[in-house]
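This report describes the fold, the helix packing and several individual residues of one protein chain. The sequence and coordinates are shown first.

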Amino acid sequence: MATPSKTVAIEEITADFNESTAAVLTEYRGLTVAQLKDLRRSLGQETKYAVVKNTLTAIAAKNAGIDAFDEQLSGPTAIAFVKGDAVAAAKSLTEFAKTNDKLVIKTGWFEGKALDQSGIAALAALESRETQLARVAAVLQAPASAAARVVEALRAKLEENGGEAPAEATEEAPAEA
């Protein structure tokens, strides 16, 4: 039978899984407290990086319906619970792991699917949410910009002709009855 403190810990980890859009399981053996602090800071405020107990995490993951961490919960384990941009968190973890070889990215979970190390690397290779939104905005803005340029060109042409429509426009205009 689980002690009350373990039950509370399982409930907290289960809630972290349920509230997250992604989670990344890591091994942090050999990292200093200062390095862990730097890692947490690089992940931002929407990602919680928590050192967890493997047995309690296995139970919590099962309670949350996540099987991505089966067979991976061994050794000193920490999980990045991502509540915001999963791409940004994956980038931060991957970049940190490049400069700190003691951080090992084991596996992950994103939008209900298990990710292996290469899946997390692929997620990190994507453009950030802000960049993707900027591209969409540019695509949506392009037709309006083109229309504005046409209207401005017609206005300039009208001013050039003293307020009368250009000859090309009058030739195509239907005759009034």
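In which hand does H1 pass H3 in their crossing? The crossing is right-handed, and its geometry is set out below, after a summary of the chain. The model discussed here is predicted.

## Overall architecture

Seven helices and five strands make up the secondary structure of the chain. Their order along the sequence is α-β-α-β-α-β-α-β-β-α-α-α.

Of the 177 residues in the chain, 33% are buried. Among contacts with a separation of 6 or more, 78% join residues that are 24 or more positions apart. The exposed surface of the chain amounts to about 11,200 Å², and 56% of this area comes from carbon and sulfur atoms.

## Packing of H1 against H3

Helix H1 spans residues 4–19 and helix H3 spans residues 54–63; their axes lie 8 Å apart at an angle of about 50°. The two helices are therefore oblique to each other. On the H1 side, the contact is formed by Lys6, Ala9, Ile10, Ile13, Thr14 and Phe17. The H3 side contributes Leu56, Thr57, Ile59, Ala60, Ala61 and Asn63. Sorted by class, the residues of this contact comprise eight nonpolar, three polar and one charged.

## Packing of H2 against H4

Helix H2 covers residues 33–43. Its axis comes within 9 Å of the axis of helix H4 (residues 86–99), and the two cross at roughly 150°. An angle over 145 degrees counts as roughly antiparallel, and H2 and H4 are therefore placed in that class. Their crossing is right-handed.

From H2, the residues in contact are Gln35, Asp38, Leu39, Ser42 and Leu43, and from H4 they are Ala89, Ser92, Leu93 and Phe96. This contact consists of five nonpolar, three polar and one charged residues. Serine 42, one of the H2 residues in the contact, is partly exposed, with 36% relative accessibility. The C-alpha atoms of serine 42 and alanine 88 are 9.6 Å apart, although 46 residues separate the two in sequence.

## Packing of H4 against H5

H4 also packs against helix H5 (residues 117–125), with an angle of about 115° and axes 7 Å apart. The range from 65 to 115 degrees counts as roughly perpendicular, and H4 and H5 are therefore described in those terms. The crossing of H4 and H5 is left-handed.

In this contact, Ala86, Val87, Ala90, Lys91 and Thr94 of H4 meet Ile120, Leu123, Ala124 and Ala125 of H5. The contact has seven nonpolar residues, together with one polar and one charged.

## Buried positions in E2 and E3

Valine 52 belongs to strand E2, which runs over residues 47–52. With 11% relative accessibility, valine 52 is classed as buried. Leaving aside residues up to four places away in sequence, valine 52 touches Ile13, Thr57, Thr77, Ala78 and Ile79. Two of these partners also appear in the helix contact described above: Ile13 on the H1 side and Thr57 on the H3 side. The C-alpha atoms of valine 52 and leucine 73 are 9.7 Å apart, with their positions 21 residues apart along the chain.

Alanine 80 lies in strand E3 (residues 77–82). Its relative accessible area is 0%, and alanine 80 is therefore buried. With residues up to four places away in sequence again excluded, alanine 80 touches Ala22, Ala23, Val24, Leu43, Thr47, Lys48, Tyr49 and Leu93. Leu43 and Leu93 also take part in the contact of H2 with H4. Alanine 80 and threonine 26 are 54 residues apart in sequence, and the distance between their C-alpha atoms is 7.9 Å.

## An exposed loop residue with positive phi

Glutamate 111 occupies the loop between strand E4 (104–110) and strand E5 (113–115). Is glutamate 111 buried or exposed? With a relative accessible area of 60%, glutamate 111 is exposed. The phi angle of glutamate 111 is near 50°, which is a positive value in a residue other than glycine.

Terms used
Residues numbered from 1 in each chain as written. Predicted model: local features only at pLDDT ≥ 70, side-chain atom pairs only at ≥ 80, totals over all residues. Heavy atoms only, no water. Helix = DSSP H or I, 4+ residues; strand = E, 2+ residues; numbered from the N terminus. Buried < 20%, exposed > 50% of the residue type's maximum accessible area, 1.4 Å probe, protein only. Contact = heavy atoms within 4.5 Å. Areas by Shrake-Rupley, 256 points an atom, 1.4 Å probe, with all protein chains shown as cover. Axes fitted to C-alpha atoms, helices over the stretch in contact; angles between N-to-C directions. Parallel < 35°, antiparallel > 145°, perpendicular 65-115°, else oblique. Left-handed = near helix turned anticlockwise from the far one by under 90°. Nonpolar A, V, L, I, M, F, W, Y, C, P; charged D, E, K, R; others polar.
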